[in-house]
Amino acid sequence: MGTQRMRLLADYNRLMNARQYAVCARLDVEALNADCGAFFGSVLGTLNHLLVGDLLWLGRFSRHEAGLPLHDALSSMPRPQALDECLYPVFEALVPVRRHLDDVLCDWCASLGEADLELPLHYENTRGEPFVRLLGDLLLHLFLHQVHHRGQVTTLLSQAGVDFGETDLVEIVPNLSDGLRG
């Protein structure tokens, strides 16, 4: 994938999260907390799960030699123990944490070198099972996990009568023909 594409995915991730949170802010407390039968129940439950997933992965990445810049950035963040943990039961408290974590992720991706993505990461999942996988593959997983669950939130928003709008990555992919004009 390369570091350029990881930076693109981090930027896309931050943009889509910001848009989704702006749309979710229009929902009342009941709509945010309504159990809609999604994997994590509600809109708020799913948003919390996404934050938990990012915190777990970034915590693992911070123990990698390329993850040193993450140590300080994560020091004030919660350390979840379960994938369904509701760290922020109030939406307004979740918003600045999501924004901060997206900034941390973008900054960290900008610091990565090509060789970093090819280094192995030794980690344990939430059940304590050990794994060794390439950092770049795991970082890609983090972004795809976000896309998957943001899609669920978008569906829940649609069911509530709220149109989220455009979600395609192509919106921020540079158009090469722009440089050919003029």
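The legends below accompany four close-up views of a predicted model.

**View 1. Helix H3, residues 43-62, and the residue that caps its N-terminal end.**
Helix H3 has 20 residues and spans 28 Å from its first C-alpha to its last, which is close to the 28 Å expected at 1.5 Å a residue. The helix is mostly covered, with 20 of its 20 residues buried. At the N-terminal end of H3, Ser42 acts as the cap, and a side-chain oxygen of Ser42 lies 3.4 Å from the backbone nitrogen of Leu44.

**View 2. The largest pocket, with H3 in its lining.**
About 360 Å³ of space lies in this pocket, and 15 residues line the largest pocket, with Leu55, Leu56, Gly59, Arg63 and Arg79 lying nearest its centre. The elements that give two or more residues to this lining are H3 and helix H4 (70-74); of these, H3 gives the most, with 5 residues. Sorted by class, the lining of the largest pocket holds 6 nonpolar, 5 polar and 4 charged residues.

**View 3. The second largest pocket, to whose lining H3 also contributes.**
The space in the second largest pocket comes to about 290 Å³, and of the 15 residues that line this pocket, Trp57, Arg60, Leu83, Asn125 and His141 lie nearest its centre. At least two lining residues come from each of H3, strand E2 (130-134) and helix H7 (135-159), and H3 gives the most to the lining of the second largest pocket, with 5 residues. By class, the lining of the second largest pocket is made up of 6 nonpolar, 6 polar and 3 charged residues.

**View 4. The cysteines Cys86 and Cys109, neither of which is in a disulfide.**
A disulfide is a covalent bond between the sulfur atoms of two cysteines. With a cut-off of 2.5 Å between cysteine sulfur atoms, the count for this model comes to 0 disulfides. For Cys86, the nearest cysteine sulfur is that of Cys24, which is 14 Å away, and Cys86 is in no disulfide. Cys86 is partly exposed, with a relative accessible area of 45%. Cys109 is likewise in no disulfide, and the nearest cysteine sulfur to Cys109, that of Cys106, is 6.9 Å away. Cys109 counts as buried because its relative accessibility is 0%, and the cut-off for a buried residue is under 20%.

Notes. Residues numbered from 1 in each chain as written. Predicted model: local features only at pLDDT ≥ 70, side-chain atom pairs only at ≥ 80, totals over all residues. Heavy atoms only, no water. Helix = DSSP H or I, 4+ residues; strand = E, 2+ residues; numbered from the N terminus. Expected span 1.5 Å × (residues − 1). Buried < 20%, exposed > 50% of the residue type's maximum accessible area, 1.4 Å probe, protein only. Polar contact = N/O pair within 3.5 Å; in protein donor to acceptor, adjacent residues only side chain to side chain. 1 Å grid on protein atoms, 1.4 Å probe; cavity = no way out; pocket = protein on both sides within 12 Å on 5 of 7 lines; lining within 4 Å. Points joined across faces, edges and corners; volume = space filled by probe spheres on them. Nonpolar A, V, L, I, M, F, W, Y, C, P; charged D, E, K, R; others polar.
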